[in-house]
Amino acid sequence: MWINKLEAFFFLILACLCIVGSFGAVLLKNVMHCALLLGCTLFGVAGMFLMLGGDFLFAVQVAVYVGGILILMLFVVMLTHRLYDRTLSQTNDRYGPAGILAAMILLPLCVAISKAEFGEVARADAQETVVKIGKLLLTTYVVPFEVASLLLLGAMVGAILFTKRDPGQED
Amino acid sequence: MSLSLILMVGALMFSLGIYGALTRRNVLGILISLELMFNAAMLNFVAFNAYELPHESLSPLHGQVFALFIILVAAAEAVVGLALVLAIYRNLKSVYVEKLTLLKW
């Protein structure tokens, strides 16, 4: 059926976006390029959310992650980057243990995923997720919701405190 | 597009994030790897939500709410982390982790 083929085609594009972006964000030398490729991965994940029926989550991912966190990261990269950083190695020399640890996590996961038998569940049509998420947030998850507001307030105060200059400090 | 393929993508992103967090010298590179791991976890939550809790009129979107909370925690973490990076850079003129030895006695 053509709609399945179309879905597989888009999934392939999004998966390539995610994987290429992740490899680039981890392996590239210039931190600026790493941050931009992280944005590539974020867009790929956002597209997957859209394919999995999370339209509100897609909007939040693009607005908060790409529009907020990534832009903040790019600002900090530009503020802390010095010209001779390009000639320095950006990695330490522990490739071996880190690679072994990553493979030790990846390989059992892949084996487990390929052997697991997930039930064949047909996904239904698009639905209104905003109303349902809002109801869940204010009924079942109301305590985490309030704790989250405290966490955000603390993060905001902490960020202001850390980046504030002392009066009289010249820089 | 099946559930196992999405989970494979998530697993690959997560292990790449682990590798990056362990090998980077730059604090910003470590933060970028952390964001990769957060995204892999979110992808898994939403994928399980879509496949194992099939959308019916009564089935709630617990996985998507969890992904929302992950985005929230990631945003708070990134803000405080980047503020710390700026403060460290202002004091030590460096963003490389082996230079951050003020607490080492």
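Here are some notes on how chains A and B meet in this predicted model, with a few words on single helices and residues.

1. **The contact as a whole.** Let's start with the side of chain A that touches chain B. The contact draws 73 residues from chain A and 62 residues from chain B. On the chain A side, the elements that supply two or more residues are α1 (2-27), α2 (31-51), α3 (55-80), α4 (95-115), α5 (129-138) and α6 (142-163). The most comes from α3(A), with 13 residues. Sorted by class, this side of chain A holds 52 nonpolar, 16 polar and five charged residues.

2. **α3 against α3.** What is the angle at which the axes of α3(A) and α3(B) cross? The axes of α3(A) and α3(B), the latter covering residues 62-92 of chain B, come within 10 Å and cross at roughly 10°. Angles under 35 degrees count as roughly parallel, and the two helices are therefore roughly parallel to each other. On the α3(A) side, the contact is made by Leu57(A), Val60(A), Gln61(A), Val64(A), Tyr65(A), Gly68(A), Ile69(A), Leu72(A), Met73(A), Val76(A), Leu79(A) and Thr80(A). Among their partners in α3(B) are Gln64(B), Leu68(B), Ile71(B), Ala75(B), Val79(B), Leu82(B) and Tyr89(B). By class, the residues of this contact comprise 20 nonpolar, four polar and no charged. As background for reading such a list, an α-helix has 3.6 residues a turn, so residues three or four places apart point the same way.

3. **α5(A) across α3(B).** The helix α3(B) also meets α5(A), with axes that come within 10 Å and cross at roughly 75°. That crossing makes α5(A) roughly perpendicular to α3(B). From α5(A), Thr129(A), Ile133(A), Leu136(A) and Leu137(A) meet Gln64(B), Val65(B) and Leu68(B) of α3(B). Five nonpolar, two polar and no charged residues make up this contact. Note that Gln64(B) and Leu68(B) also take part in the contact of α3(B) with α3(A).

4. **α4(A) and α6(A).** Are these helices mostly buried or in the open? In α4(A), the number of buried residues is one of 21, so this helix lies largely in the open. In α6(A), the number is two of 22, so α6(A) likewise lies largely in the open. From first C-alpha to last, α4(A) reaches 30 Å, close to the 30 Å expected at 1.5 Å a residue. For α6(A) the reach is 32 Å, close to the expected 32 Å.

5. **Arg94(A).** This residue sits in the loop between α3 and α4 of chain A. Arg94(A) has 11 C-beta neighbours inside 10 Å, and therefore counts as exposed. Across the chains, Arg94(A) touches Leu22(B) and Thr23(B). Val66(A) is 28 residues from Arg94(A) in sequence, and their C-alpha atoms are 31 Å apart in space.

6. **Lys93(B).** Over in chain B, Lys93(B) is worth a look when you check the backbone. Its phi is near 55°, a positive value in a residue other than glycine. Lys93(B) lies in the segment after α3 of chain B. With 10 C-beta neighbours inside 10 Å, Lys93(B) counts as exposed.

7. **Domains of chain A.** Chain A is divided into domain 1 (1-83) and domain 2 (127-161). The C-alpha centres of these two domains lie 23 Å apart.

Terms used: Residues are numbered from 1 along each chain as its sequence is written. Chains are lettered from A and ligands numbered from 1 in the order in which they are written. This is a predicted model: local features need pLDDT of at least 70, side-chain atom pairs count only at pLDDT 80 or more; totals for chains, interfaces and linings use all residues. Two residues are in contact if their C-beta atoms, placed from the backbone, lie within 7 Å. Helices (H or I, at least four residues) and strands (E, at least two) are DSSP runs, numbered from the N terminus. Ala, Val, Leu, Ile, Met, Phe, Trp, Tyr, Cys and Pro count as nonpolar, Asp, Glu, Lys and Arg as charged, and the others, Gly among them, as polar. A residue is buried if 20 or more other C-beta atoms lie within 10 Å of its own, exposed if 12 or fewer, and partly exposed in between; C-beta atoms are placed from the backbone. Domain bounds come from an automatic or database domain assignment. Axes are lines fitted to C-alpha atoms, for helices over the stretch in contact, and angles run from 0 to 180 degrees between N-to-C directions. Angles under 35 degrees count as roughly parallel, over 145 as roughly antiparallel, 65 to 115 as roughly perpendicular and the rest as oblique. The expected span of a helix is 1.5 Å times one less than its number of residues.
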